[in-house]
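User: Please take a close look at one part of this model, the largest pocket, and at the elements around it.
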Amino acid sequence: MADVCQHRRFINGPEIDELESRLAAMTGAGECVAVASGTDALLIALLGEDIGTGQAVFLPALTYIATAGAVRLAGATPVCVDVAPDTLNMDPEDLERRITRVRRAGVITPRAVIPVDLFGLPADYAALRDVARRHGLFMLADAAQSLGGEYNGRAVGALADATATSFYPTKPLGCYGDGGALFTDQSERAERWRAIRVHGFPAGEKLQATRLGLNGRLDTLQAAVLLAKLDCFAAERERREMLAGRYDQGLDDVVRIPARREGVRSAWAAYTVRHPRRDVLRSGLADGGVDSMIYYPRAVHEHKAFADLAPAGGLPVAETAAREVLSLPLHADLTDDEADRVVTAVRTACGDLEPGNL
Ligand SMILES: *Cc1c(COP(=O)(O)O)cnc(C)c1O
């Protein structure tokens, strides 16, 4: 950060190029384009494919609201897909059903799908890619929570046509403010993104904007922070993995612990358990001095701004999960003793919930 204040290239400084190269190498994606936030990453990716009016973009009903917001900002129509009961990631069978329904209704055209790697666990890419390919959909991965994760030996960033991530401070790779990045293996696609993030000006051109764009650049200062944090990124993921294992062992019999998948490595953005009496459990934890968070208290279509997306019959798995999820403390600086205190607090609170003890 001191170097950046010396050279004073606060916009598009050399740290941006260095960060993009390191992230491209780390993910094996080929191309990385740094942007101002995870939300901008999603929006820029949609604009880059000219996705907009009259087109349907499928996304899971249980995600951060930004996924749906970006689709609407691009002018396209978000279509919510239910999630799988075990992983809480997009259910490929329900995706197929929703695509068929949209086609039958004949009002908008299926165009893209945005799988979200919820809590850091990569979605079911093999099955989703199969559906996407059959219907000719562009696949944009929302990997805001999963940078550092892996799916069948391939890193997050190289699992879809395009991948968007976020450097919001609590994400697996967090900066000291807002930030994000896009990944692809197509250089022309990356060139379009580079133009869109500077108001539509192509590389080396400052006079003629060739497409619609925005101010979606990452600050050089944030790139400097990220370059430093990349040095301990892998070690921090390993530490979260160890802590998650400790939680699994201590909590398996009292709450529903996060699903794991053969060949899939989570980035462990969150350790999220489920319990039918989540709110009582949460206040029990608070009494025991343990903080917890609810990601997410409502499904996308349960927000007023997106109420029009609620399909007939609802999206039952996502709606139920929103009432049961509770994320426990999880970060690389958490000590074993602190993790054990969390386990004890959860077990105590669950014990108090037993019918005999109410
Ligand atoms: C955080 C997040 C975003 C938005 O990222 P920002 O950097 O906060 O704009 C989008 N999608 C998901 C799934 C997220 O968790």
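The answer below starts at the pocket and works outward.

Analyst: This is a predicted model, in which local features need pLDDT of at least 70 and side-chain atom pairs count only at pLDDT 80 or more, while totals for chains, interfaces and linings use all residues. Residues are numbered from 1 along each chain as its sequence is written, and side-chain values use heavy atoms, with hydrogens and water left out.

The largest pocket has a volume of about 1,000 Å³. A pocket here is an open set of points on a 1 Å grid over the protein atoms alone, where a 1.4 Å probe fits and protein lies on both sides within 12 Å along at least five of seven lines; a lining residue has an atom within 4 Å of a point. Grid points are joined across faces, edges and corners, and the volume is the space filled by probe spheres set on the points. The lining comprises 43 residues, and those closest to the pocket centre are Tyr168, Thr170, Lys171, Ala269 and Tyr295. By class, 22 of the lining residues are nonpolar, 13 polar and 8 charged. In this scheme Ala, Val, Leu, Ile, Met, Phe, Trp, Tyr, Cys and Pro are nonpolar, Asp, Glu, Lys and Arg are charged, and the others, Gly among them, are polar.

At least two lining residues come from each of α3 (38-48), α4 (66-73), β8 (162-166), α9 (233-251) and β12 (325-328). These elements are DSSP runs numbered from the N terminus: helices are H or I with at least four residues, strands are E with at least two.

Tyr295, one of the residues closest to the pocket centre, is joined to tyrosine 296 by a cis peptide bond with omega of about 5°. Most peptide bonds are trans. Tyrosine 296 lies in the loop between α10 (278-287) and α11 (316-324). Ring pairs also link Tyr64, Tyr295 and Tyr296 into a cluster. Rings of Phe, Tyr and Trp (its six-membered ring) pair if their centres lie within 6.5 Å, and planes under 30 degrees apart are stacked, over 60 edge-to-face and the rest tilted.

Both tyrosines recur around β12, the strand that holds valine 325. Apart from neighbours within four places in sequence, valine 325 is in contact (heavy atoms within 4.5 Å) with Leu88, Thr272, Val273, Arg274, Arg278, Ile294, Tyr295 and Tyr296. Valine 325 is buried, at 0% relative accessible area. Buried means under 20%, exposed over 50% and partly exposed in between, using a 1.4 Å probe and protein chains only.

Two of the lining elements also pack elsewhere. The cover over the buried residues of α7 includes α3 and β8, along with α2 (14-27), β1 (31-35), β5 (138-142) and β9 (180-184). Helix α7 (residues 187-196) has Arg189, Ala190, Trp193, Arg194, Ala195 and Ile196 as its buried residues. An α-helix has 3.6 residues a turn, so residues three or four places apart point the same way.

After α3, the loop leading to β2 contains aspartate 50. Aspartate 50 has a positive phi of about 55° although it is not a glycine, and its relative accessible area of 58% makes it exposed. Strand β2 (residues 55-60) holds proline 60, which is buried at 1% relative accessible area. Beyond neighbours within four places in sequence, proline 60 is in contact with Val81, Val83, Met90, Ile114, Val116 and Val300. The C-alpha atoms of proline 60 and cysteine 80 are 5.5 Å apart, although 20 residues separate them along the chain.

As for cysteine pairing, the structure holds 0 disulfides, a disulfide being a pair of cysteine sulfur atoms within 2.5 Å. Cysteine 175 is not bonded because its sulfur is 13 Å from the closest cysteine sulfur, that of cysteine 32, too far for a bond. Cysteine 175 is buried, at 2% relative accessible area. Cysteine 5 is partly exposed at 45% relative accessibility, and its sulfur lies 15 Å from the closest cysteine sulfur, in cysteine 175, which is too far for a bond.
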